[in-house]
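Please load the model in your viewer and keep the selection panel at hand. The stops below say what to select next and what is there.

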Amino acid sequence: MNPAPVPDFTIQSLILNADPVVQGVMAMLVLASLACWAIIIEKSILFGRLKREARSLAALAASGAIQPPEGDAAKDSLSSAVLRAGLPEWREGRDQHESAGEFRDRLERAMRAAVTATLRRAEPGLPLLATIGSVSPFVGLFGTVWGIMHSFFGIAAKQDTGLATVAPGIAEALFATAIGLVAAIPAVIAYNRYSIRLSRIRQEALGAAASLASRLARRPAVLDGRRKAGESA
């Protein structure tokens, strides 16, 4: 009597021999995982740059300087955006019916709006991470349930409950759950980490904007030649 063939449990075999529905679930989860890692890499670079710009803005506020950063790369920086928003309001000066506190609040509102608008451009991609992290396990579970059902249909058709008949189908089904977890776990970790980083960067930048607005509000809006040249840069 010939021994029963040993089932092939390699990853390639699990994918190729799976039910078409389970294969579709696996493909969706692999694409979700690739999208997740693409966002992670992009946000790592972006948040690193925003953190440096927030520190640069804090240093600018501490020094009391009002000259925007120079260079092509600095034109779209957080410091430049804040100064472009605040300096026009400062040049207008205080209205005769406006108190010093109201003047400072007007400068701060303009700068805070610039900070918010700049950091809002860093948010796209984060909702997708949250969606992948929350949905992927359930998509993988759907593939698992479908695969197990397909395995039971095969058992009924062959009328054989031996391990060689049951194990391949169940292994294919559970593999879908594993792929779902592989996609979900990095997405959840990355979303939580980047949400916290963005919140800290926003707090630091808003604090720097408030400090800079307070310093500008105490300065007269009449500039000397050197400052005029700095503002026109």
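## A tour of the helices

Begin by selecting Glu42 and Lys43, which are joined by a salt bridge whose closest N and O atoms lie 3.5 Å apart. What you have open is a predicted model, and this pair makes a useful place to start reading its side chains. The two partners differ in cover: Glu42 counts as partly exposed because its relative accessibility is 39%, whereas Lys43 counts as buried because its relative accessibility is 2%, and the cut-off for buried is under 20%.

Before going further, show the whole chain as a cartoon. It contains 7 helices and 0 strands, so that, by the way such elements are assigned, the order from the N terminus reads α-α-α-α-α-α-α. If you colour the 233 residues of the chain by accessibility, 39% of them count as buried.

**Next, the other salt bridges.** How many salt bridges does a search of the whole structure find? The search finds 5, among them the pair already selected and the two that follow here.

Select Arg49 and Glu53, whose side chains meet in a salt bridge with an N to O distance of 2.9 Å. Both residues belong to helix α2, where they stand 4 residues apart, or about one turn of the helix. Is Glu53 buried or exposed? Glu53 counts as buried because its relative accessible area is 11%, while Arg49, with 35% relative accessibility, is partly exposed.

Then move to Arg104 and Asp105, where the side chains form a salt bridge at 4.0 Å from N to O. Here Arg104 is partly exposed at 31% relative accessibility, and Asp105 is likewise partly exposed at 33%.

**Now the surface patches.** Switch to a surface display and select Lys51, Arg55, Arg193 and Arg200, which gather there in a patch of positive charge. Helices α2 (20-63) and α6 (163-217) are the elements that give two or more residues to this positive patch. Arg55 is placed in helix α2, and it counts as partly exposed because its relative accessibility is 49%, which falls short of the over 50% needed for exposed.

While helix α2 is in view, add Arg52, which also lies in that helix and which counts as exposed because its relative accessibility is 56%. Extending the selection to Ser77 gives a pair that is 25 residues apart in sequence and 9.8 Å apart in space, taken from C-alpha to C-alpha.

For a patch of another kind, select Phe138, Leu141, Val145, Met149 and Phe153, which together make a nonpolar surface patch of about 530 Å². Leu141 is in helix α5, and with a relative accessible area of 44% this residue is partly exposed.

**Then go inside, to the nonpolar core.** In soluble globular proteins, nonpolar side chains tend to be buried together. Hide the surface and select Phe47, Leu57, Val115, Leu129 and Leu212, which, of the 38 residues in the largest nonpolar core, touch the most other members. The elements that give two or more residues to this core are α2, α3 (78-92), α4 (100-120), α5 (126-158) and α6. Which element provides the largest share of this core? That share comes from α6, with 13 residues.

**Finally, two contacts along helix α6.** Select Ala187, which has its place in helix α6 and which counts as buried because its relative accessibility is 0%. With Ala130 added to the selection, the C-alpha atoms of the two residues are 6.7 Å apart in space, although Ala187 and Ala130 are 57 residues apart in sequence.

The last stop is Ser211, which is also in helix α6 but is partly exposed, having a relative accessible area of 32%. Select Ala58 together with Ser211 and draw the distance between their C-alpha atoms: the separation is 8.3 Å, while the two residues are 153 residues apart along the chain.

Terms used:
Residues are numbered from 1 along each chain as its sequence is written. This is a predicted model: local features need pLDDT of at least 70, side-chain atom pairs count only at pLDDT 80 or more; totals for chains, interfaces and linings use all residues. Side-chain values use heavy atoms; hydrogens and water are left out. Patches are made of residues with over 30% relative accessible area and no salt bridge: like charges are joined within 9 Å, nonpolar side chains (Val, Leu, Ile, Met, Phe, Trp, Tyr) within 5 Å. Accessible areas come from the Shrake-Rupley method with a 1.4 Å probe; for residues, only the protein chains shown count as cover. Lys and Arg count as positive and Asp and Glu as negative; His and the chain ends are not counted. The place of a charge is taken as NZ of Lys, CZ of Arg, CG of Asp or CD of Glu. Buried means under 20% relative accessible area, exposed over 50%, partly exposed in between (1.4 Å probe, protein chains only). A nonpolar core is a set of buried Ala, Val, Leu, Ile, Met, Phe, Trp, Tyr and Cys residues joined through side-chain atoms within 4.5 Å.
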